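Q: Got a minute to go through this structure with me? I'd like to talk strands first, then domains and holes.

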Amino acid sequence: MQKLLIQGGRRLQGEVRVHGAKNSSLPILAAALLGGGETVLHNCPALSDVDAALRILTYLGCEVRREGDTVRIESSSVTQNEIPDDLMHEMRSSIVFLGAILSRMGRAKLSFPGGCELGPRPIDLHIQALERLGAQIAEEYGYLDCRAEQGLTGTKITLAFPSVGATENILLASVLAKGETVIHNAAQEPEIVDLANYLISRGARIRDAGRSTILIEGVDRLSSTEYTVMPDRIVAATYLSGAAITGGDVLVTGVNPNDLESVLPVFEQAGCRMKVEPDRIFLSGPGMLRPVSGPIRTMPYPGFPTDAQAPLMATLTLADGTSMFVENIFESRYKHAAELARMGADIKVEGRTAVVRGVEKLYGVPVEATDLRGGAALVVAALAAVGETRISRVEHIDRGYESVETAFSSLGAKIRRV
Ligand code: UD1
């Protein structure tokens, strides 16, 4: 079992580059299955979730090769339509393979991706949408058996909630379907736009990805492509949190500030000074952080991202006053609050609300990463804590951060993995 040991209290200083986005790499890798041909994907991060996706592609019959941050996928010889349980469980978001395998093979079998650390994770919207496109779906003994032997047919789909994963599955299932598909109340996250741009680079006809209504006109074939994954906006927010909580001076490069429009004002309100350029953000943390007035409400994009809630909460535990969060996306996404409290934070959670009263100091103690972003929050808190923090269950953090210890060490933090 690996742990991170962090000796807190050093101001972060220097420059750090953000790696490619996990949340657009995963659907793009699933999309590489569509129509055969080769995908050369640059800026594809070395994360355990991405490795799991590559293992799924290999299992299905693709040839997969990684050279540095470039991954090549040749998908002409796909033979399988089923994802075995162990691979399915390695990565929660493997449900995004459903639409791609169904489109490619006319049938897809996978086990139900049960709950997760964030609470129940239903897939009803994915299933209803694929049924609207003509799939027959049977759910039995924890398995999903989806068939569309005659192919899928475009239609109008209105999502009850702008689910990121369901929007991705509809895109994957519809780009090669017959006729036109319209998605109303689609998710507008930048990762949806990235997936659409990848598909467009292969000849798909998609209009208005990034808006609430997306139009897809089915095409007969997709071509090979070379594509670069967008920067990871949540990793960027985490590095900025580290700079803010330590009163550091950090330049985050390789980032798209437009993707962080609802996050940057929170740092500003907390008293950070920022200089924002087209592909870089410089943040200078204050001597004493200020609390944020008015609740920080997580919302679908362009609202404040639920994935940034935990690292920002960690940051505000040391503010000079009280801040408040309202989590609207996931039911049970405050598990990090209890771990932060062990470090001395004062956080009261009631239902969807968390009230964070700033404390003077956090203290290094043994804590456990409860989930990916919750783990990142503990790293952020540990950077400013008095003494040494030991974080266990680092595997959660490795799902979404490429060597978090290397990134923060390069900024002067004392952090190592044992
Ligand atoms: C994606 C991101 C995740 C992020 C989330 C919200 C990936 C790999 N993961 O997750 O990091 O936190 O978006 O921005 O991209 N829901 C249903 N029924 C469904 C689908 C979703 O009720 O069929 C609910 C979920 O339980 C949740 C909410 O909708 O409460 C949002 O889920 P969704 O947008 O689908 O998130 P994911 O795609 O799972």
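Q: Which residue in β7 is the bridge partner of Glu-82?
A: That's Lys-109. Keep in mind that this is a predicted model.

Q: OK, and in what sense do β6 and β7 pair, parallel or antiparallel?
A: Parallel, over two bridges. Strand β6 covers residues 82-83 and strand β7 covers residues 107-111.

Q: What about β7 and β9, parallel or antiparallel?
A: Those two are antiparallel, with five bridges between them. Lys-109 turns up again here, standing opposite Asp-145 in β9.

Q: How many bridges are there between β8 and β9?
A: Five, and the pairing is antiparallel. One of the bridge pairs is Glu-140 with Tyr-143 in β9.

Q: How many residues sit between the strands in that hairpin of β8 and β9?
A: Two. Tyr-141 has a positive phi there, near 45 degrees.

Q: Where exactly is Tyr-141?
A: In the loop that runs from β8 (136-140) to β9 (143-147). Its phi catches the eye because most residues other than glycine have a negative one.

Q: Speaking of backbone oddities, which peptide bond is cis?
A: The one from Tyr-301 to Pro-302, where omega is near 10 degrees. Pro-302 belongs to the loop between β18 (296-297) and α10 (309-316).

Q: Back to sheets. What's the strand order in the open sheet that has β14 in it?
A: It goes β4-β5-β3-β14, four strands with mixed pairing.

Q: Which strands stand at the edges there?
A: β4 (63-67) and β14 (225-228). Each has a single partner strand, so one side of each has no neighbour in the sheet. From one strand to the next, the twist averages 15 degrees.

Q: How do β3 and β14 run, parallel or antiparallel?
A: Parallel, joined by four bridges, with β3 spanning residues 38-42. Across that pair, Thr-39 stands opposite Thr-225 in β14.

Q: And what does helix α2 touch on the sheet?
A: Helix α2 (residues 48-60) packs on the sheet and touches β4 and β5 (70-74). The direction of α2 makes about 150 degrees with that of β4.

Q: There's another open sheet, with β10 in it. What's the order?
A: β10-β11-β13-β12, so to speak from one edge to the other, with β10 (156-158) and β12 (205-207) at the edges. Each of those two has a single partner strand, so one side of each is left without a neighbour in the sheet. The pairing is mixed, and the twist averages 15 degrees from one strand to the next.

Q: How do β12 and β13 run, parallel or antiparallel?
A: Antiparallel, with three bridges joining β12 to strand β13 (residues 214-217). In β13, Glu-217 is the bridge partner of Arg-205.

Q: Zooming out, how is the chain divided into domains?
A: Domain 1 is 4-19 + 231-417, and domain 2 is 22-228. Their C-alpha centres lie 30 Å apart.

Q: How many residues are in contact between domain 1 and domain 2?
A: 24 residues of domain 1 are in contact with 20 residues of domain 2.

Q: Now the holes. How many cavities of 30 Å³ or more does the structure hold?
A: One. The largest cavity has about 30 Å³ of space.

Q: Which residues line the largest cavity?
A: Ala-21, Asn-23, Glu-191, Asp-232, Arg-233, Ile-234 and Arg-373. By class, that lining has four charged residues, two nonpolar and one polar.

Q: And how much space lies in the second largest pocket?
A: About 280 Å³. It's lined by 18 residues, and the closest to its centre are Ile-245, Thr-246, Gly-287, Leu-318 and Ala-384.

Q: Which elements give two or more residues to that pocket's lining?
A: Helices α8 (233-245) and α12 (372-384).

Q: What's the mix of classes in the lining of the second largest pocket?
A: Eleven nonpolar, four polar and three charged residues.

How values were computed:
Residues are numbered from 1 along each chain as its sequence is written. This is a predicted model: local features need pLDDT of at least 70, side-chain atom pairs count only at pLDDT 80 or more; totals for chains, interfaces and linings use all residues. Side-chain values use heavy atoms; hydrogens and water are left out. On a 1 Å grid over the protein atoms alone, a cavity is a set of points where a 1.4 Å probe fits but cannot get out, and a pocket is an open set with protein on both sides within 12 Å along at least five of seven lines; lining residues have an atom within 4 Å of a point. Grid points are joined across faces, edges and corners, and a volume is the space filled by probe spheres set on the points. Ala, Val, Leu, Ile, Met, Phe, Trp, Tyr, Cys and Pro count as nonpolar, Asp, Glu, Lys and Arg as charged, and the others, Gly among them, as polar. Two strands pair if DSSP finds at least two bridges between them. Axes are lines fitted to C-alpha atoms, for helices over the stretch in contact, and angles run from 0 to 180 degrees between N-to-C directions. Contact means heavy atoms within 4.5 Å. Domain bounds come from an automatic or database domain assignment.
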